[in-house]
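Biologist: I am new to this structure and would like to go through it slowly, please.

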Amino acid sequence: MKRRDFLQQTAASTALIGLGGLTLSSFNSTTQKKITILHTNDVHSHIDPFGPDDGRNANKGGVARRASLVESIRKENPNTLLLDAGDIFQGTPYFNYYGGELEFKLMSMLKYDAATIGNHDFDNGIDGLYAQLPHAKFDFISANYDFSNTNLNTHVKPYKTFVKDGIKIGIFGLGIELDGLVTKDLYKETVYLNPTEIAQDMSRILKEEEHCDLVICLSHLGYNYRNNPDKPSDLTLARATKDIDLIIGGHTHTFLPKPTIEKNSVDKNVLVNQVGCYGLYLGKIDFFFDSDKNKSADGTTIIV
Amino acid sequence: MNKKYFIILLTLVILTSCKQEMHLTRIEGKRIEINDSLAGNQDVENFIKPFREHVNNDLDSVLAYSVDTYTKNDGELNTAIGNFMADAVKEMASPVFKTRTGNNIDIVMLNHGGIRSILSKGDVTSRTAYQIMPFENSVVVTGLKGASVKKMINYLQKAKRAHPISGMSIKLNADFELLEANVDGEAIDDNKTYYVATNDYLYNGGDNMSFFREGDSLHTLDYKIRNLLIDYFKKVDTLDLSADDRFIKTN
């Protein structure tokens, strides 16, 4: 026991010296840090680009091209996270032939950091999703699907935190109500919980308990329901919560030319973004952090 | 030991005294189009290649031959392509239903909007089935009393569309009023149970076909319509389709 304590303390001291050294050299000077968040949603098994004859999306999309783009952005800024907001499955014969294996293997090659679960990810049943999990080298996060009585229990976490260049980023996932969208024999004992209440809870945990510098919600709720304004969506969520910096959405295949800026429950800005579907676009949000107090006194500048 | 603790203490003092507080000062957001100006990553490309080749070979292997091009707009109340789909469901799903329940499928009803593509003259492949039926819908069978079957006929009268049907014949007059309706050549008995096959989308309320919910039972056959079409293409050599008099109106 004593020996273990000693080892832990030694390890800790080494780590702290490292940090201390850095801090010393930058003491009294200002530092800037940049975190890049890349995101996709509703890719729906679109692995190959659309052909030149496609009526709507000619020569657009393609996983291999997305890989090159992500690689070049990561080279420019290693402090980058790549996220997906669900509906990875269903839409091309690749899914029917391989059940999602290829989608997950390619996302792993692109080094996705996390994804949430869309309604179509249940298309081969919760067992079909479970069977493909070994092919995914990234985590699935969902805070409002209670999987306790399913085989996904313990395989899906409510949230995940990352530390990039000393900045702590907390990301939680949200899924849409499955009843009416997915048949019960596919989602089985998955319990859908109110996403707004869960988001209020999650943002508190990530901000106050986990002390995250950045809180991101990865949502498959849908951007906005104009004819059903009470239905939980990314916009209703943005207005009803606080301490969330960015909501990355999906489900409604909404092509936002630029992120939406919405006011949260304490009148602060939240960014909501969604990049349509089929891997036609990659969303890119850069967060700049500064140690200069004077700069931060002016609040956060948003350029979209 | 003491020296190590001293180092820890010293480091903590340094850290707490001048740890820089980081503030979020600026956010920039945009989207980047993925198009042919980007070269594909070769490793990813190479990884996909064998999967793509297998899928394409399988999708493009010839299963049957179509003697003509058929579209869902070829007829007013019944079409060659719609009749083919409804008849294929009856032919392929009936044996499955029979082994499970001992009963035959009496009637099939699908929806006109569910025919998602034309059937082109020439080689018919699995890809053809994906084009006609890109969705994952499966065959379901429900037992409907004759009275509910009459509501189904009433729905067809009002819809005035060539919703694919099989096992049933309906004659309307020029004003879309019912002249005659038969199942397997016999008048419909209000109290008899007819087994009606459709897809899960329509059974669950798609296209407002609410009469399906009056059924006394639901049998899910776990047989996707698309797979059923592929099996049908494999079974027949040639598709020589035609509209007929199963659903017509007199002028």
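Modeller: Two strands pair if DSSP finds at least two bridges between them, and strands (E, at least two residues) and helices (H or I, at least four) are DSSP runs, numbered from the N terminus. This is a predicted model, where local features need pLDDT of at least 70, side-chain atom pairs count only at pLDDT 80 or more, and totals for chains, interfaces and linings use all residues. Residues are numbered from 1 along each chain as its sequence is written, with chains lettered from A and ligands numbered from 1 in the order in which they are written.

Biologist: Which strand do two bridges join to β4 of chain A, and is the pairing parallel or antiparallel?

Modeller: Strand β4(A) covers residues 139–141, and within it A:F140 has A:V156 as its bridge partner. The strand joined to β4(A) by two bridges is β6(A), and the two run parallel.

Biologist: Which strands stand at the edges of the sheet?

Modeller: The sheet is open, has eight strands with mixed pairing, and follows the order β6(A)-β4(A)-β3(A)-β2(A)-β1(A)-β14(A)-β1(B)-β15(A). Each edge strand has a single partner, so one side of it is left without a neighbour in the sheet; these are β6 (156–157) and β15 (301–303) of chain A.

Biologist: Which element of chain B do the buried residues of α2(A) pack against?

Modeller: A residue is buried if 20 or more other C-beta atoms, placed from the backbone, lie within 10 Å of its own (exposed if 12 or fewer, partly exposed in between), and those of α2(A) include A:V63, A:R65 and A:V70. They pack against β1, β2, α4 and β14 of chain A, and from chain B against α2 (42–60).

Biologist: How far apart are the end C-alpha atoms of helix α2 of chain A?

Modeller: The expected span is 1.5 Å times one less than the number of residues. For the 14 residues of α2(A), 63–76, this should give 20 Å, which agrees with the distance between the end C-alpha atoms, 20 Å.

Terms used: Contact = placed C-beta atoms within 7 Å.
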